[in-house]
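Q: Hi! Could you walk me through this model in plain words?

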Amino acid sequence: MRRPSTAAIALALIPFTAMCFSVSLWDRIEPMVFGLPFNLSWLIAWIVLTPLCMTIAYRIEAARSAESGDP
Amino acid sequence: MSAAALCLAIIFAIIAAGAGIGFLAGIRRRMDLEQWTVAGRGFGGVLVFLLMAGEVYTTFAFLGVSGWTYSRGGPTLYALAYLTLAYVVSFFILPPVWELGRRHGLQTQSDFFRVRYGSRYLTAFVCLVGIAAFVPYLQLQITGIGIIVSIASFDTIGRTPAMSVAVVLLVGFVFAGGVRAVAWVSVLKDVLMLTAAVAIGIGVPLLCFGGIGPMFAALAAARPAHLTMPGATTNLGHGWYVSTVLLSSLGFYMWPHYFAAAFTARNADTLRRNAVVMPLYTLSLAFIFFAGFTAVLAIPGLANGDLAMLTVVRRTFPPWFLGVVGGAGALTAMVPAAIFILTASTLFAKNLYRPLIAPGMTDDQVAQLARGSAVVLGSISLALAMFTSTTLVSLLLISYAGVAQFFPGVVLGLYWRRATTSAVFTGMVAGVATALILMLTHRDPWFGVSAGFLALCLNFALVVLVSLLAPAPHTDSDASSGRFELRPSVG
């Protein structure tokens, strides 16, 4: 199978970094955001931001497929 | 009409409607193996989305997440992270898997291993681990149906009759309509479950504390440690979080039924688009967190945390709503149970029985055997759920760690031409064995790191190492452009 582009992989690593590797930076209660503890609001924000990252990755991969004539 | 009778009527109506949809979905279609297992590869984006969402949000999500939030607190946040990241991983795995599925007529995960690695023994091993992993998962769903229906009916229905009715119905619609039935029942299940989750997540804190903000303020004042990691535990800290999120998100689509759900899609682009939007569905899980955290202060001292959400709903909401939650909860268990039975019986008939015992079977005979196995499997799991206790949650964690060991074989199989059969076999056996040994000896987490993740690292390293020890394949144009054709190459 053709390997995904480096750009798409880099985009996928953004949510991994934000939601997983950086846990010790955001796992706290203060400051509360809209009444939610900071760690919970951080994760909820990234649930919404992840599709944005992946939309860009999708566009990149779709353009690559169109270029090489693959479905 | 008494409160209990009203609840009962609503629960029964929802379950009957779900089963009815399932039967209608499969009617007037000739159910050959391709229709039964992958619905003729004809699902568009919405049905694939609902099928996958229907499979993902099991009673483990519904009761387990609220229960963990109640009893352990902060560490439960891993569920929000790993589910979101699992879809990110699927962006890179499912479209090429689908492509191979179309080219080689794959219907199961074991089919993938057979075509990529060409070894009967590796395929049988993958198949056996997959089926074994389903046993505790399936039983947990059926036990869950019993718990949900009996609490939601104010204890007027016993667990055994509730489980029996649900199993008969779900085996019935699986038998009749295969994966198409499961997908259509998911539509009702997802709508009800989403409505219930939002209503509970907003309503419970509102009724108990006057809102979500005041609830968290009260909890942050009274039990601040409960809101961060390690919460009410001593060993689920940040090392555990990172390793568990990685293990669960990488291993997620290695469950044979999620893997096979990819084959139902109409094309690879459907799967890629779904991978982009599916993280948003994880938002529904945030509402379950709100309910679980509310229960910490509202109903302290419950012995079984898994009952926290239903108990707090029973205390705060009118009875008819408890009926809706009960019905939604029952469907939430029935849909995954149905797909487990469908997947496990197909694996048994197609990837275990035919290749090892009766190589001469036609596809139609395999389909008949698979449908018969579904009935047998449903009966066995019902008996298990009736006669054993609910301590299977720990076995389920072993199942998760076990299926995650397929990951190196799948991802390197797709993208690394040099991955050899013996390397993948070595890594997988070592990974499964390591996970089993560490977890059965209560070393999970081990030195603060998830045991399944340690097993996965060992597995991955072994696959790479053993593959590199084999002589390099001839480099041809395919390899230099990063592509390969699987054997036997068709089309």
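A: Sure, we'll take the chains, their contacts and a few odd spots in turn. This is a predicted model: local features need pLDDT of at least 70, side-chain atom pairs count only at pLDDT 80 or more, and totals for chains, interfaces and linings use all residues. Residues are numbered from 1 along each chain as its sequence is written, while chains are lettered from A and ligands numbered from 1 in the order in which they are written.

Q: Cool. How many helices and strands does chain A have?

A: Chain A has three helices and zero strands. Here helices (H or I, at least four residues) and strands (E, at least two) are DSSP runs, numbered from the N terminus.

Q: And is chain A spread out or compact?

A: Chain A is more spread out than a compact globule, because its radius of gyration is 16 Å, well over the 11 Å that the globule rule gives for 71 residues. That radius is taken over C-alpha atoms, and the rule is 2.2 Å times the number of residues to the power 0.38. The C-alpha atoms of chain A fill a box of roughly 50 × 20 × 15 Å along the principal axes.

Q: What about chain B, how does its radius of gyration fit the rule?

A: For chain B the value is 22 Å, which agrees with the figure near 23 Å for a compact globule of 491 residues. Its C-alpha box is roughly 70 × 55 × 40 Å, again along the principal axes. Chain B has 21 helices and zero strands.

Q: Where do the two chains touch, and how many residues are involved?

A: There are 37 residues of chain B in contact with 32 residues of chain A. "In contact" means that the C-beta atoms, placed from the backbone, lie within 7 Å. Helix 5 of chain B gives the most to chain B's side, with eight residues. That side has 29 nonpolar, six polar and two charged residues.

Q: Which residues go in which class?

A: Ala, Val, Leu, Ile, Met, Phe, Trp, Tyr, Cys and Pro count as nonpolar, Asp, Glu, Lys and Arg as charged, and the others, Gly among them, as polar.

Q: New topic: what domains is chain B divided into?

A: They are domain 1 (3-392) and domain 2 (405-484), with bounds from an automatic or database domain assignment. The C-alpha centres of domain 1 and domain 2 of chain B lie 27 Å apart. Their contact takes 22 residues from domain 1 of chain B and 19 residues from domain 2 of chain B. On the domain 1 side, helix 10 of chain B gives the most, with eight residues.

Q: Let's look at helix pairs. How do helix 19 and helix 20 of chain B pack?

A: Helix 19 (residues 421-440) and helix 20 (residues 451-469) of chain B pack at an angle of about 160°, with their axes 8 Å apart. That makes helix 19 of chain B roughly antiparallel to helix 20 of chain B. Axes are lines fitted to C-alpha atoms, for helices over the stretch in contact, and angles run from 0 to 180 degrees between N-to-C directions. Angles under 35 degrees count as roughly parallel, over 145 as roughly antiparallel, 65 to 115 as roughly perpendicular and the rest as oblique.

Q: Who meets whom there?

A: Helix 19 of chain B brings residues including B:Gly427 and B:Gly431, and helix 20 of chain B brings residues including B:Leu458 and B:Leu462. The contact divides into 16 nonpolar, eight polar and no charged residues.

Q: Which way do helix 3 and helix 8 of chain B cross?

A: The axes of helix 3 (residues 45-56) and helix 8 (residues 159-209) of chain B come within 8 Å and cross at roughly 75°. So helix 3 of chain B is roughly perpendicular to helix 8 of chain B. B:Lys189 and B:Asp190 of helix 8 are among the residues that make this contact.

Q: Last one: where are the cis peptide bonds?

A: One joins A:Glu30 and A:Pro31, with omega about -5°. A:Pro31 sits in the loop between helix 2 (23-26) and helix 3 (38-68) of chain A. The bond from B:Met229 to B:Pro230 is cis too, with omega near 5°, and B:Pro230 lies in the loop between helix 9 and helix 10 of chain B.

Q: What's special about phi at B:Phe154?

A: B:Phe154 has a positive phi of about 50° although it is not a glycine. Most residues other than glycine have a negative phi, and most peptide bonds are trans. B:Phe154 is in the loop between helix 7 and helix 8 of chain B.
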